[in-house]
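Here is a short tour of one protein chain, written to be read with the model open beside you. Take it one heading at a time and find each residue as you go.

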Amino acid sequence: MRARKIGAAAATGLALVAARDLVQKKHALLRNFPLVGHARYVLETIGPELRQYIVASNDEERPFSRDQRSWIYASAKGENNYFGFGTDDDIEHVQGHAYVKQRTFAGALPDPSDPEAALPSAKVLGGPRGRAKAFRPASVVNISAMSFGSLSGAAVTALNKGAALAGTLQNTGEGGLSPYHRNGGDLVLQIGTSYFGCRNEDGTFNLDKLKSVVAGAPVKAIEIKLSQGAKPGLGGMLPGAKVTDEIARIRDIPAHEDCASPSRHTAFHDVDSMLDFVELLATETGLPVGIKSAIGEMDFWEELATLMERGERGVDFVTVDGGEGGTGAAPLIFADSVSLPFRMGFSRVYGVFAERGLTDDVTFIGSGKLGLPENAVVAFALGVDMINVGREAMLSIGCIQAQKCHTDKCPTGIATQNPWLARGIDAPSKGVRAAMYLRTLRRELLKVSGAVGVAHPSLITPDDIDILNGDYDARGLGSVYGYKDGWGSLGPELAQEIAELLTS
């Protein structure tokens, strides 16, 4: 009797759904195929998961393949991250594949099995320009700019705890310095076009508020964000529904009101005034100050390097973000087709500074899928001094590449402000995983450096990498990107200093 009632109720429910499908006008598929048409929408919803675990091969999935994700997951958990039975890449025929050329003999090398994997920067950040609080970053691998608001408080907390354990820097992102950034990790404070946390009521920059923020937190450097790889030259809109009281307080904006971020800065309007702004921040805070940008037209960089050549003003670091970098949300055209990929963009910027003999005076930071050893090694060979990892760090604390960041429905609670989803993150244990991943990546870089016969990844040069060019030819990395002799290498004094630091 009970089963009969349940069956009748189910049949009635299906009949109502079918009737609704037939009369609704929004979806042609449901109008023509009531009930069964819903299967298409279910499959569309779980499409990324189906491709990840069932359909795609180990190297097909994007932006991170199954092999890449597996390596990050295993590294973060301290598990075996080796692969058996040889490579499943078609290494003989893949155009553009990078090959590291190992050396038979080497001098003194650091121990790559060190669990801490100490790997400081070869350059002192802010040292060449005499900043009062110049310092040598303790890690060449650091956490990229990801704001609270884009990420949940629990995710930011986990990453900051991981940064503290691994001795790395965490970039706050442009959303301001939140309480979740105060869990022991040192910070790079990012300033975006809305000046969140250091702004006046009309959205203009407020120096006194910036100094107050810096004085009350472990901020080691300031980064002025000009643009990012996934959405360069584009402002943003934070809907009022997402502007909670907490976010409003941190960002210094009205609660529950739409907040539009301009696409350009208002504190400066050209390269000359930008350098004045950089020097103002450095003088008032004593901190190293740099810029972050995706790469488009090159006139900006030519003028910047020309003005810095005079020696009076300059940025302490340049963060180059590749067009393949990630974001919580962006229009498809911007994510796919605006700004250059990292290797092409960085090599062009580096060349501008190299032509003027300025590369030893600037710390170059790279971001955009550089949290994988093979990509990171090529970046160092091109002249990068440090790398920032974003999505890779998210994967280390549980991201499954569901690609729902823009929906506020991240199933692992990382890229969402939904309290019920965010509760899935246990920040202390995830912080340990983030630290394990960061240390493992440093160890991998030490291992590859040792294979090349040098003590530090910054000592890897373009001559140590070949790029496959068709089935039967390979070109040197420097040749591919138009490097001149000596480009991509540290100056003799810097090279000797970092080698001695790691091997003493």
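## A salt bridge at E355

E355 is partly exposed, at a relative accessible area of 47% (buried means under 20% relative accessible area, exposed over 50%, and partly exposed in between, with a 1.4 Å probe and protein chains only). E355 pairs with K484 in a salt bridge whose closest N and O atoms are 2.8 Å apart; the term asks for a side-chain nitrogen of Lys or Arg within 4 Å of a carboxyl oxygen of Asp or Glu. This contact links distant parts of the chain, with K484 in the loop between α17 (477-480) and α18 (492-503) and E355 in helix α12 (residues 342-355), 129 residues apart. K484 is also partly exposed, with a relative accessible area of 47%.

Before going on, a word on the source: this is a predicted model, in which local features need pLDDT of at least 70 and side-chain atom pairs count only at pLDDT 80 or more, while totals for chains, interfaces and linings use all residues. Residues are numbered from 1 along each chain as its sequence is written, and side-chain values use heavy atoms, leaving out hydrogens and water.

## Other salt bridges

By the 4 Å rule the count comes to 17 salt bridges. One of them sits within helix α16 (residues 427-452), where E444 and K447 lie 3 residues apart, about one turn of the helix. Their side chains meet at 3.6 Å, N to O. E444 counts as buried at 18% relative accessibility, whereas K447 counts as partly exposed at 34%. Elsewhere, R129, R131, E279 and D316 are joined into one network by salt bridges that share partners.

## The antiparallel sheet

Next, look for an open sheet of 3 strands in the order β1-β12-β13, paired antiparallel. β1 (98-100) and β13 (474-476) stand at the edges with a single partner strand each, so one side of each has no neighbour in the sheet. Neighbouring strands here are turned by 35° against each other on average, direction ignored (axes are lines fitted to C-alpha atoms, for helices over the stretch in contact, and angles run from 0 to 180 degrees between N-to-C directions). Helices (H or I, at least four residues) and strands (E, at least two) are DSSP runs numbered from the N terminus, and two strands pair if DSSP finds at least two bridges between them.

β1 is joined to β12 (residues 465-468) by 3 bridges, with Y99 facing D466 as its bridge partner. Which residue forms a salt bridge with D466? That is K101, with the closest N and O atoms 3.4 Å apart. K101 lies in the loop between β1 and β2 (141-143), 365 residues from D466, and is partly exposed at 35% relative accessibility.

## Around strand β5

Is strand β5 (residues 219-225) mostly covered or mostly open? Mostly covered: 6 of its 7 residues are buried. β5 pairs in the parallel sense with β4 (residues 186-191) over 5 bridges, one of the partnerships being L189 with I222. From β4 the chain crosses through helix α7 (residues 207-215) to β5 in a right-handed β-α-β crossover (with the strands pointing away from the viewer, the path from the first strand over the helix to the second runs clockwise).

β5 also pairs in the parallel sense with β8 (residues 289-294), over 4 bridges. There, I224 has I291 as its bridge partner.
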